[in-house]
Amino acid sequence: QVQLVESGGALVQAGGRLRLSCAASGTILVVDTLGWYRQAPGKQRELVASITYSGSTNYADSVKGRFTISRDNAKNTVYLQMNSLKPEDTAVYYCNLNRKTLVDPPRAYWGQGTQVTVSS
């Protein structure tokens, strides 16, 4: 079993920066991809960024050049550095772990979410 606990959400002014952290507990595998999703009121949850165990990253077009995802495998922690924040970045941010192995069905784990609010 995997548990994900996010931290770092806050109220910030437009143009500001925040760093989200997500600590994963339980057994983390080298096949696990960690990522951040967000959900704004009235909108679907969307991928913000993801990172594989080896460090390959993927970003939503809307955050490229502003957000950076990183991962500390020794600490089982993933970070999201958010710079140049915009009001449209306001959302609940969820940590995610996606697991795909050769023998088991794919599985996703989610954190409880952390609120990021960007004021204009």
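**Figure 1. The whole protein has zero helices and 11 strands in its secondary structure.** In this predicted model, the order of elements read along the sequence is β-β-β-β-β-β-β-β-β-β-β. The radius of gyration is 14 Å, close to the 14 Å that the globule rule gives for 120 residues, so the protein is as compact as a globular protein of that length. Along its principal axes, the C-alpha trace spans about 50 × 25 × 25 Å. Of the 120 residues in the protein, 41% are buried, while the area that the protein exposes comes to about 6,600 Å², with carbon and sulfur atoms supplying 49% of that area. Among contacts with a separation of 6 or more, 55% are made by residues that stand 24 or more positions apart.

**Figure 2. A disulfide joins Cys22 to Cys95.** The search of the whole structure finds one disulfide, and in this link the distance from S to S is 2.1 Å. The pair connects distant parts of the chain, since Cys22 belongs to strand S3 (residues 18–26) and Cys95 to strand S9, 73 residues apart. About the S-S bond the angle is -85 degrees, and the link of Cys22 and Cys95 is left-handed. Both Cys22 and Cys95 are buried.

**Figure 3. Arg99, in strand S9, makes polar contacts through its side chain.** Strand S9 covers residues 91–99, and Arg99 lies within that range. Arg99 has a relative accessible area of 14%, which is under the 20% cut-off, and therefore counts as buried. The side chain of Arg99 reaches the backbone oxygen of Thr27 at 2.7 Å, and a polar contact of 2.7 Å also joins the side chain of Arg99 to that of Asp32. When residues up to four places away in sequence are not counted, Arg99 touches a set of residues that includes Val2, Ile28, Leu29, Val31, Pro105, Pro106 and Tyr109, together with Thr27 and Asp32. Arg107 is another of the residues that Arg99 touches.

**Figure 4. Ala49 is a buried residue of strand S5.** Strand S5 runs over residues 46–51 and contains Ala49. The relative accessible area of Ala49 is 0%, so this residue falls under the 20% cut-off and is classed as buried. Leaving aside neighbours within four places in sequence, Ala49 is in contact with Gly35, Trp36, Asn58, Tyr59, Ile69 and Leu80. The view also takes in Arg107, which is 58 residues from Ala49 along the chain, and the C-alpha atoms of Ala49 and Arg107 are separated by 18 Å.

Technical notes
Residues are numbered from 1 along each chain as its sequence is written. This is a predicted model: local features need pLDDT of at least 70, side-chain atom pairs count only at pLDDT 80 or more; totals for chains, interfaces and linings use all residues. Side-chain values use heavy atoms; hydrogens and water are left out. Helices (H or I, at least four residues) and strands (E, at least two) are DSSP runs, numbered from the N terminus. Buried means under 20% relative accessible area, exposed over 50%, partly exposed in between (1.4 Å probe, protein chains only). Contact means heavy atoms within 4.5 Å. A polar contact is a pair of N or O atoms within 3.5 Å; within protein, one must be able to donate a hydrogen and the other to accept it, and residues adjacent in sequence count only if both atoms are side-chain atoms. A disulfide is a pair of cysteine sulfur atoms within 2.5 Å. The radius of gyration is taken over C-alpha atoms; the globule rule is 2.2 Å times the number of residues to the power 0.38. Accessible areas come from the Shrake-Rupley method with a 1.4 Å probe; for residues, only the protein chains shown count as cover.
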